[in-house]
Amino acid sequence: MRTLLFGALFMALTAGCTHHDPFPDRASEESVSAALIKLAPARLHADLDGLSSGDRQALAKLVQAAEIIDELFLLQVDPENPRIRRDLQRAGLSTHLELFTVMFGRWNRLAENEPFLDHKPKPPGAGFYPEDMTRAEFERALKEQPEDAAALKSEFTVVRREHGKLKAIPYHQAYPVAEAAALLSEAARLTEDPSLGKYLELRAQALLNDDYFESDLAWMDLSGDLEVVIGPYEVYEDGLNNYKAAYEAFICRVDPKESRRLAAVAEHLADLEAGLPIPEAYKNFSRGMSSPIKVADELFAAGDTKAGIQTTAFNLPNDERVRKAKGSKKVMLKNVARAKYDLCWIPIVNAVLAPEALKLVSFDAYFHHVLMHEVSHGLGPGIIVKDGRETTVGKELKELYSTIEECKADVLGMTTLKQMIDAGVFSDEPEGSLYASYLGGMFRSIRFGIDEAHGAGVAIQLNFLLEKGVFFEEGDRLNVERRNFWPAMNELANKLLVIQAEGDYESAAALIDRYGRMTPLMQRYIERLKDVPIDIRPIFTIKEQLGLE
Ligand code: ZN
């Protein structure tokens, strides 16, 4: 409290000295601090031992390139951002500057984009379109300028208005990309990993012409110690149309031990499918792993992915042509998961679990369940036959599909993890920690409600397992009855898989209606989690580690 008061006093004094306050309507110091406290600072560090000297030198260039990506994304969010940052620095508004840096702009991404420097709402199309452009004007331009329609809708152009007419400008002309491209070329020459060298060289060219296809293909072939993604990918920042891709970067070190384990899991896919608790006819041996999975530690992240909530996994590329040719790749970020576990997850289980269960929770059990959740998306029915016609589970379950699919992946994530422990792939995992960690993890998913697929899927599991006496209240905490655990999990897995195999929309709706609900019990526990940080604010140590700082 004291530091806050001093901060306010200091600000009052400096504000009095300057001639004009650049942000007279800004949110109070207290409310900005309160927003920051929800994101616990976390030092993200990874072991660089064993990295070749060429890769280390390349890494230094890649971190510099990623820092430019931060600047490019800042411009994509709001072309005024560089000016705003300068004004914040000059005015000495360090707390507001910190929130601005975390949010990449003046809107709080964790509070429905509430503005905290002035009262200006965020334009739905961020900085990708003229600020005052309406959807109607955009649609009209598509019709009236058919020759420009493809360019206006392209994921790699910004839209500007010139002489009253909308015009598409390619990213490589709209944004200062040359230096980032030059750094990628330098890194390509320095690395001793030919697969990385090829990707970086192609990606450097792509930044300069916005044709990412060849470099996306090369990314699928990365096989060395570094896992690097850099470029425009996700389209969520364009809330108007979801057309425009936002710049981002992930620079990661591959975790060889976990990656080997996943390779071992991949060899057991047929056993996992065979072990599903459903009739033989419903098993599906033709799917293969939906996408290769790598485990890595994040050394640096930049741009879109760093704004607001930190991701623990990404699945790229998004280009359907690449997915058709080579599939997609999932990268799980172990050190990010670990930081979230320590700072956001442990406080949750402390408030929810009975002492006996609490003793047993472990990061490995939590992380391995997440891994097997991802693997499990590739198990069970996919293409099915209903009423004599070939269809897919997704088409039949429609808007209920993602809830059922996420719930399935959670449940099979546990049953297949057990199967892999028994097969010796995760032999170092004590089984007791599975139950406790699984129960604790549920509250992380439902603490903000059950409106989206993950949360609703978790509510189904929690309520089903409470009904079966697997979880029960002991005093004001929850505990696990181990003896009931696997029979109940197999019963739930069977229900979900049969719904999928039969494309049974009615049963899916009935299951969600009965179990996918917020209950007074859940509400009571969630109440206790109000002060737990909702996510982390990464502090990357890589520049210290490389002697760049
Ligand atoms: Zn999932």
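Me: Why is F104 called buried?

Reply: In this predicted model, F104 has a relative accessible area of 4%, and because buried means under 20%, the residue is classed as buried. F104 is found in the loop between α5 and β2 (107-108).

Me: What makes the phi of F104 worth a remark?

Reply: The phi of F104 is near 55°, which is a positive value in a residue other than glycine. Most residues other than glycine have a negative phi. N113, in the loop between β2 and β3 (114-115), also has a positive phi, near 60°.

Me: Why is N113 called partly exposed?

Reply: The relative accessibility of N113 is 27%, and since the partly exposed class lies between 20% and 50%, N113 counts as partly exposed.

Me: How do you know that C344 is not in a disulfide?

Reply: A disulfide requires two cysteine sulfur atoms within 2.5 Å, whereas the closest cysteine sulfur to that of C344 belongs to C252 and is 19 Å away, so the two are too far apart for a bond. A search of the whole structure likewise finds zero disulfides.

Me: Which class of burial do C344 and C407 fall into?

Reply: With the limit for buried set at under 20%, C344 is buried at 1% relative accessibility, and C407 is buried at 0%.

Me: What makes H373, H377 and E406 the residues that coordinate the zinc ion?

Reply: Donor atoms must be N, O or S within 2.8 Å of the metal, and NE2 of H373, NE2 of H377 and OE of E406 coordinate the zinc ion at 2.1 to 2.2 Å, so these atoms meet the cut-off. In sequence the donor residues follow the spacing H-x3-H-x28-E. H373 lies in helix α17 (residues 363-376) and E406 in helix α19 (residues 401-422), so this pair ties together parts that are 33 residues apart in sequence. Both H373 and E406 are buried.

Me: Why is α2 said to be oblique to α5?

Reply: The axes of helix α2 (residues 29-37) and helix α5 (residues 94-103) cross at roughly 40° and come within 9 Å. An angle under 35 degrees would count as roughly parallel, and one from 65 to 115 as roughly perpendicular, so the crossing of α2 and α5 is oblique. The crossing is left-handed, and the residues that meet are E29, V32, S33, A35 and L36 in α2 and T95, H96, E98, L99 and V102 in α5.

Me: What makes α3 roughly antiparallel to α9?

Reply: The axes of helix α3 (residues 53-77) and helix α9 (residues 178-190) cross at roughly 170° and come within 8 Å. Because angles over 145 degrees count as roughly antiparallel, α3 is described as roughly antiparallel to α9. Among the residues making the contact are G54, Q57 and A58 of α3 and E179, A180 and L183 of α9.

Me: How do you know whether E258 is buried or exposed?

Reply: E258, which has its place in helix α12 (residues 256-267), has a relative accessible area of 2%, and because the limit for buried is under 20%, E258 is classed as buried. Leaving aside neighbours within four places in sequence, E258 is in contact with V295, K334, F367, H368 and L371.

Me: What kind of peptide bond joins L316 and P317?

Reply: The bond between L316 and P317 is cis, with omega at about -10°, and P317 is placed in the loop between β9 (313-316) and α14 (320-326). Most peptide bonds are trans.

Key. Residues are numbered from 1 along each chain as its sequence is written. This is a predicted model: local features need pLDDT of at least 70, side-chain atom pairs count only at pLDDT 80 or more; totals for chains, interfaces and linings use all residues. Side-chain values use heavy atoms; hydrogens and water are left out. Buried means under 20% relative accessible area, exposed over 50%, partly exposed in between (1.4 Å probe, protein chains only). Donors are N, O and S atoms within 2.8 Å of the metal (3.2 Å for Na, K and Ca); water is not among the atoms, so sites may look incomplete. Helices (H or I, at least four residues) and strands (E, at least two) are DSSP runs, numbered from the N terminus. Axes are lines fitted to C-alpha atoms, for helices over the stretch in contact, and angles run from 0 to 180 degrees between N-to-C directions. A crossing is left-handed if the near helix is turned anticlockwise from the far one by less than a right angle, and right-handed if clockwise. Contact means heavy atoms within 4.5 Å.
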